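Visitor: Could you take me through one part of this model up close? I'd like to hear about the aromatic rings, and then how that part sits in the rest of the assembly.

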Amino acid sequence: MQKMKRILVVDDDAVVQERIVALLQKQGYQASPSSSGEESLARLHSESFDATFVDVQLPGLNGIELIGEIHEITPEMPVIVITAYGSLETAVDALRAGAFDYLLKPVKPHDLLLCLERAFTMRALEQENHELRLALNEGDQFGDLIGASAAMRKIFSMIRKIAQSTSNVLITGESGTGKDVLARTIHAERNHSDRAYIPINCSAIPDGLLESELFGHVKGAFTGAYEHKAGLFVEADGGTVFLDEIGELGWSLQTKLLRVLQDRAVRPVGSTETIPIDARIIAATNRNLKEAMNAGEFRKDLFYRLNVIPVHLPPLRERPEDIGPLAKAFLLRHEADRPRRLSESALGVLRRARWPGNARELENVIERTLALSDAEVIGAEQLIIEEPDADHPDGLEQVLESAAELETPLKQLEALYIAEVLRRTHGNKMQAARVLGVNRTTLYRRGE
Amino acid sequence: MNRVRRALDPKQRSSVHVVNEDELLANVSGDVHILKRLTVIFSQSSENDLDALRSAIDQADLIEIQRLSHKMMGALGDLAAPAALAALVDLRARAVAADVDALSGHYERVRSAVERVHEVLADIVQARSLQEP
């Protein structure tokens, strides 16, 4: 059975309100009345609606201001404005503010329903368009990798080509950028999951044990080697071995790994024989391996063997366009049975955060917020983001540092200060405008 | 019964000017139940609005007069009540022009027009209820 569409009707007059609600209910919509902008915003924060009718003249927050606030909470929802007696100027203001359309009072039932149907048709087309783009892989996702930034799109376009080859891949990027996800995506694209994907963290296992894990051992090779073990390279058998934290591998094991990569064969611990391997090697590190080579900590020949296809995952702070799609995916991952939304102000806060722990930290924030908040629409105030520590100066310190250099243009300083005030007011533009002593329009203009 | 007859007799009822019945029914998609609900709501809300309007006029609060007039105009538009609507448009225009002296006179015209709307609405509802199967 199709879900009943929910419509919010915001008008301060009880007769107008009741008539629209009753006409909509008669047509099978689930319509609810609201008498003020403030009340409607509170409801939109806690409930989901498919469309909203808004009277222009409301006590307190007026209809035009309300459109902006509604779109902060739920940007995709169509807002239809009801305006009195052909005030074209007001109607134009409403459309500029983002209204889907406007209706003149007294609203004719036919016009009311037609306008609503048009809004839903338009919304469905937009949705369909979005899904088609996703299907064409021009969207925000490739396998489990998510991102809308140019950097991620470039990586998406590389994945198919990488998957077709058998060359070694070296993925670099800060901790939490999704190196393992990228490795799994490359593997899945090549093998369609019918071959093994074997991830191993080189920093988590002592070198002696790691050697046996990777290359295998024969029975009696060392104390405790009660049985023959094949080793992960052999077990992969046409699949992928993902060597995470390769930069932490000890020198001796680096030498042995180099030999495996050169010979495409392993010699199990305690054995004199070599076993050929058929495994794709993907390595990853958050270290600068060139620096490690110069410091004599990483073998140059191993680096060049691994770095046949280099892929760099930039930190999240350098690709804020990815934060929205990632946050939405994490919301779905952690509460698929009860999908919730982030308000525009919450997304703004997430986009401005520094994310030293990258996507992993973002996922933690989303998971923590979902656990501690019941809101249907998560606002900026519900997000629980850890404050930056002393090693990472906060935004205001950054502004002051830039000013002290006496080389930063005023416009740039102003932009930094506005961004910091917005961060501290959790993206609340009204509050930020008050702090800055400017009106909201000026804030928008200067913030652009 | 007298009222019902009056409502059914177009000659005795100069009601088109008070409430345009055809337009009113079109506004509720011909649904008498919606019409009844609106009539009840209007009888309550208009009393409150008129009292608030009187109080705003006594205090010469021109902004509040404009706001309340606008609010009532919305309801009277929905109820297809052109005479009361026109009276409110005049009152609002007086408030916009800050013609404080004229406000009380205009208010009385509004009150009387709204009372007529109540009467005619009651007639229409009663007549339509009798016609229902």
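Guide: A:Phe215 and A:Phe233 are both buried. Keep in mind that this is a predicted model. The ring centres of A:Phe215 and A:Phe233 are 5.9 Å apart with the planes at 10°, and since a pair with planes under 30 degrees apart counts as stacked, this one is stacked. The pair links distant parts of the chain: A:Phe215 belongs to helix H8 (residues 207-215) of chain A, and A:Phe233 to helix H9 (residues 232-236) of chain A, 18 residues apart.

Over all chains, the count comes to 5 aromatic pairs. Another of them is A:Phe142 with A:Phe156, and that pair is tilted, with 6.0 Å from centre to centre and 40° between the planes. A:Phe142 sits in strand S6 (residues 141-142) of chain A while A:Phe156 sits in helix H6 (residues 150-164) of chain A, so this pair ties together parts that are 14 residues apart in sequence. As for exposure, A:Phe142 is buried, and A:Phe156 is too.

Now for a buried spot elsewhere in chain A. A:Val9 is found in strand S1 (residues 6-10) of chain A. Its relative accessibility is 1%, and because buried means under 20%, A:Val9 counts as buried. What does A:Val9 touch, once its neighbours within four places in sequence are left aside? The contacts are A:Gln17, A:Ile20, A:Val21, A:Leu24, A:Ser32, A:Pro33, A:Ser34 and A:Phe53. There's also a C-alpha separation of 5.9 Å between A:Val9 and A:Thr52, which are 43 residues apart along the chain.

Zooming out, chain A has 19 helices and 16 strands. Of its 448 residues, 47% are buried. If you take the contacts in chain A between residues at least 6 apart in sequence, 66% of them join residues at least 24 apart.

Then there's the partner. Chain B has 7 helices and 0 strands, which reads along the sequence as α-α-α-α-α-α-α. Buried residues account for 46% of the 133 residues in chain B. For contacts in chain B between residues at least 6 apart in sequence, 69% join residues at least 24 apart.

So much for each chain by itself; here is where they meet. The contact draws 24 residues from chain B and 19 residues from chain A. Together chain B and chain A bury about 1900 Å², with 59% of that on carbon and sulfur atoms. On the chain B side, B:Asn27, B:His70 and B:Asp78 supply 29% of the area that chain B buries against chain A, more than any other three residues.

On the polar side of things, there are 4 salt bridges across the interface of chain B and chain A. One of them joins B:Asp31 to A:Lys26, where the closest N and O atoms are 3.0 Å apart. Across the same interface, 5 residue pairs are in polar contact, both residues being at pLDDT 80 or more. Four helices of chain B, namely H3 (21-27), H4 (32-58), H5 (62-78) and H6 (82-96), each supply at least two residues of the side that touches chain A. H5(B) gives the most to that side, with 8 residues. By type, the residues on the side of chain B that touches chain A split into 10 nonpolar, 6 polar and 8 charged.

Notes. Residues are numbered from 1 along each chain as its sequence is written. Chains are lettered from A and ligands numbered from 1 in the order in which they are written. This is a predicted model: local features need pLDDT of at least 70, side-chain atom pairs count only at pLDDT 80 or more; totals for chains, interfaces and linings use all residues. Side-chain values use heavy atoms; hydrogens and water are left out. Contact means heavy atoms within 4.5 Å. Buried area is the accessible area (1.4 Å probe) that two parts lose on being put together, summed over both. A salt bridge is a side-chain nitrogen of Lys or Arg within 4 Å of a carboxyl oxygen of Asp or Glu. A polar contact is a pair of N or O atoms within 3.5 Å; within protein, one must be able to donate a hydrogen and the other to accept it, and residues adjacent in sequence count only if both atoms are side-chain atoms. Ala, Val, Leu, Ile, Met, Phe, Trp, Tyr, Cys and Pro count as nonpolar, Asp, Glu, Lys and Arg as charged, and the others, Gly among them, as polar. Rings of Phe, Tyr and Trp (its six-membered ring) pair if their centres lie within 6.5 Å; planes under 30 degrees apart count as stacked, over 60 as edge-to-face and the rest as tilted. Buried means under 20% relative accessible area, exposed over 50%, partly exposed in between (1.4 Å probe, protein chains only).
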